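Biologist: I'd like a close look at one part of this model, and then how that part sits in the rest. Could you take me through it in one go?

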Amino acid sequence: MHKGRQILSPQHFNITLLRLAHQIIENYPSNEIIYIVGIQEKGVILAERLIEIIKDKLKSPKIVFGKLDITFYRDDFRIREKPIVANSTQIDFDVEGKKILLVDDVLYSGRTIHAAMAALQDLGRVGQIELLTMVDRRFNRHLPIKSDYTGIQVDSLDEAYVKVQWKHLDGEDKVLIFSANNKNKN
Amino acid sequence: MSEGKLSTKHLLGIKYINSDDINLIFSTAEQFKDVINRPIKKVPSLRDVTIANLFFENSTRTKLSFELAEKRLSADVVNFSSSTSSVKKGETLLDTVNNILSMKVDMVVMRHPAPGAHYFLSNHIDANIINAGDGTHEHPTQALLDAFSMREQLGNLRGKKICIFGDVLHSRVALSNIYCLQKLGAKVRVCGPPTLIPKYIGKLGVESSYNVEESLQWCDVANILRIQLERQDIKYIPSLREYAMYYGINKKLLDKLDKKIVIMHPGPINRGVEISSDVADSEHSIILQQVENGVAIRMAVLFLLASQRSIIH
């Protein structure tokens, strides 16, 4: 197994998380409910971490959290090497007219976000969708999608692979990049 | 572990799939059940897939259920029924299907009166084939939705006791149910008049009984089958009235039990014959849940078969 190159250390990772949480607090009026939807599975983890920080900073923030699975909306499910297993969608609020903050770990081609937006809009007429991602691979986009809140921007080749690691899953919070010939996708 | 992929390209019967496949279909169906209970009951997964529903035998429920499942997955659907087709003019099965496939169809859902018709076809064509019933042989999606519905009621089916009542001899649902339930670790028994219990059923590891009352007491779930008069070329029972008297499940029988059991029926039901109205409409009965689960299970089967790469040429 090849080791990837670290592009965000555990220390910086936490600073970045903190900044993103602050940006959310800053942009949402304190009396407004913040609707946060994480994309299964890694977006959910990021969203949960951000909510933890926001709850720590504000006394009693009004946050409604949902999980979105986009398996049935993907356009690549029949051409992927590895099949995808459907996860559950848990959105227990009415999305009609709401401003929703969509959260995912890596913004790459934009296809996942495109599918997520379609999936969200199938639940009702959403008022507005904002996007937050930990990593933005800005030169690898296939669709005109950009994120409103970005953790770190990464300039990489199409063949490279970026992985966000999480303390409770991988031992440490960090972001790694694997080059084209030694990528270790999982 | 199945890792999100079925072990087979076709669903010809439960006999040909394993318990990992069954559990994968169930976990996917749970997500689809969520989808079909939303305001917008549709997902775009199969928008580039064309599915032909070939029904060489009559069907209401299964055909409707498959068609709804296909439409809710955004597939293009073409329907065919033998009563209005060139089959009547003497065309062979293979010719009929090849003609339809020339119109670029990716998947075939077929019901056919001949047992093994699907297996034969799978050796000759590229499209994914789903068996929607072949004669008295198998009806895999019905067995899957039955087991899925039982699981919703009882949790894990390992060690649970399921009794299939009625015309087991002519039932494709019975055979698929037996395979499916055994693969999930359940104990299966069949109960009916001696003439309607197949002679060698014991070879499948299934108990048989002619005593309805005792079998009801034994089981956690009673899956009641219809008497298939249309498949009976000779008289197997003296009369429907006599059958209803000795083998029909009624409220009186259920009231005698010291426990609550789940009542199921694959439909169409003959009220007053194999099941009385007060049982079919009672709180024990999950007949309508079965129908709802049927759409979710069929969506899962179609989705999982379509996600196999072989469909991309």
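Biologist: Let's make the part chain A: what percentage of its contacts with a separation of 6 or more comes from residues 24 or more positions apart?

Modeller: For chain A that share is 66%, counting contacts with a separation of 6 or more. Keep in mind that this is a predicted model.

Here is how the chain is laid out. Chain A has 4 helices and 8 strands, and along the sequence they come in the order β-α-β-α-β-β-α-β-β-β-α-β. Its radius of gyration is 16 Å, close to the 16 Å that the globule rule gives for 186 residues, so chain A is as compact as a globular protein of that length. If you prefer a box, the C-alpha trace spans about 50 × 40 × 30 Å along its principal axes. As for burial, 35% of the 186 residues count as buried.

For one concrete spot, try Asp173(A). You'll find Asp173(A) in the loop between α4 (167–170) and β8 (174–178) of chain A. It is a charged residue, and it counts as buried because 21 other C-beta atoms lie within 10 Å, where 20 or more is the cut-off. Asp173(A) also gives you a long-range pair to look at: Ser9(A) is 164 residues away in sequence, yet the two C-alpha atoms are 7.5 Å apart. Leaving out residues up to four places away in sequence, Asp173(A) touches Pro10(A), Phe13(A) and Asn14(A), along with Gln165(A), Trp166(A) and Lys167(A).

Now for the partner. Across the interface, 16 residues of chain A are in contact with 18 residues of chain B. The chain A side divides into 10 nonpolar, 3 polar and 3 charged residues.

Chain B is assigned two domains: domain 1 (14–138 + 292–311) and domain 2 (140–286). Their centres, taken over C-alpha atoms, are separated by 26 Å. Where they meet, 22 residues of domain 1 are in contact with 19 residues of domain 2. On the domain 1 side, α1 (19–35), β4 and α11 of chain B each supply at least two residues, and by class that side has 8 nonpolar, 9 polar and 5 charged residues.

The core is worth a look too. In general, nonpolar side chains tend to be buried together in soluble globular proteins. Here the largest nonpolar core has 134 residues, and those with the most contacts inside it are Ile25(B), Met107(B), Ala222(B), Ala300(B) and Leu302(B). Helix α11(B) gives the largest share, 11 residues. Both domains of chain B give residues to this core, so it lies between them. Zoom in on Ala222(B) and, apart from residues up to four places away in sequence, you'll see it touching Cys163(B), Phe165(B), Leu216(B), Ile249(B), Ile261(B), Ile263(B) and Met264(B).

Helix α11(B) turns up again around α2(B): what covers the buried residues of α2(B) includes β1 (50–55), β2 (76–81), β3 (107–112), β4 (128–134) and α11 (287–306) of chain B. Those buried residues are Thr62(B), Ser65(B), Phe66(B), Ala69(B), Glu70(B) and Arg72(B). The geometry of α2(B) checks out as well: at 1.5 Å a residue, its 12 residues (61–72) should span 16 Å, and the end C-alpha atoms are 16 Å apart, which agrees. After α2(B) comes Ser74(B), with a positive phi near 70°.

Definitions and conventions. Residues numbered from 1 in each chain as written. Chains lettered and ligands numbered in written order. Predicted model: local features only at pLDDT ≥ 70, side-chain atom pairs only at ≥ 80, totals over all residues. Expected span 1.5 Å × (residues − 1). Buried ≥ 20, exposed ≤ 12 C-beta atoms within 10 Å, placed from the backbone. Contact = placed C-beta atoms within 7 Å. Core = buried A, V, L, I, M, F, W, Y, C linked by C-beta atoms within 7 Å. Domains from an automatic or database assignment. Rg over C-alpha atoms; globule rule 2.2 N^0.38 Å.
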